[in-house]
Amino acid sequence: MRHLYRHQQNKIMTIYLKDLFDIIVYYSGKTYSIEIKNGLKSKLTTGEQKCKEDIESVGVKYHVVYTLKQAINILEAEIN
């Protein structure tokens, strides 16, 4: 996952966190993490699986999807 944020002097910093999910959504006090797979690598790696288990163990929902539309559908269902 790459995370961008602006430094005080308008510099952009990128951080890559290995094995972490691709998208995080925080809405109405709930956190959702989403891993997007592209079909070629349809299974979670060992590190991603461990991350999923750790995140779910603290009550955060973790979804694995194969298209952006799936991610949107999951979030719409969860939020509504």
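## Exercises on a predicted model

**Exercise 1.** Describe how strand 3 and strand 4 are joined, and find the residue that takes a positive phi in their hairpin.

*Solution.* In this predicted model, strand 3 (residues 23–27) and strand 4 (residues 30–36) run antiparallel and are joined by 5 bridges. Within this pairing, Tyr-26 stands opposite Thr-31 in strand 4. The next step is to look at the 2 residues between the strands of the hairpin, where Ser-28 takes a positive phi near 50 degrees.

**Exercise 2.** Determine which residues make up the largest nonpolar core, and which elements each supply at least two of them.

*Solution.* The largest nonpolar core has 6 residues, namely Val-25, Tyr-32, Ile-34, Val-65, Ala-71 and Leu-75. Strand 4 and helix 2 (68–79) each supply at least two residues of this core. Apart from this core lies another, of 5 residues, among them Leu-44, Cys-51, Ile-55 and Tyr-62. Turning to a single member, and leaving out residues up to four places away in sequence, one finds that Ile-34 touches Phe-21, Asp-22, Ile-23, His-63, Val-65, Ala-71 and Leu-75.

**Exercise 3.** Search the whole structure for aromatic pairs, and classify what is found.

*Solution.* The search yields 1 aromatic pair. The ring centres of Phe-21 and Tyr-62 are 6.5 Å apart and their planes stand at 80 degrees, so the pair is edge-to-face, given that planes over 60 degrees apart count as such. Because Phe-21 lies in the loop between strand 2 (12–16) and strand 3, while Tyr-62 lies in strand 5 (residues 61–65), the pair ties together parts that are 41 residues apart in sequence. As a last step, the accessibility of the partners shows that Phe-21 and Tyr-62 are both buried.

Key
Residues are numbered from 1 along each chain as its sequence is written. This is a predicted model: local features need pLDDT of at least 70, side-chain atom pairs count only at pLDDT 80 or more; totals for chains, interfaces and linings use all residues. Side-chain values use heavy atoms; hydrogens and water are left out. Two strands pair if DSSP finds at least two bridges between them. Helices (H or I, at least four residues) and strands (E, at least two) are DSSP runs, numbered from the N terminus. A nonpolar core is a set of buried Ala, Val, Leu, Ile, Met, Phe, Trp, Tyr and Cys residues joined through side-chain atoms within 4.5 Å. Buried means under 20% relative accessible area, exposed over 50%, partly exposed in between (1.4 Å probe, protein chains only). Contact means heavy atoms within 4.5 Å. Rings of Phe, Tyr and Trp (its six-membered ring) pair if their centres lie within 6.5 Å; planes under 30 degrees apart count as stacked, over 60 as edge-to-face and the rest as tilted.
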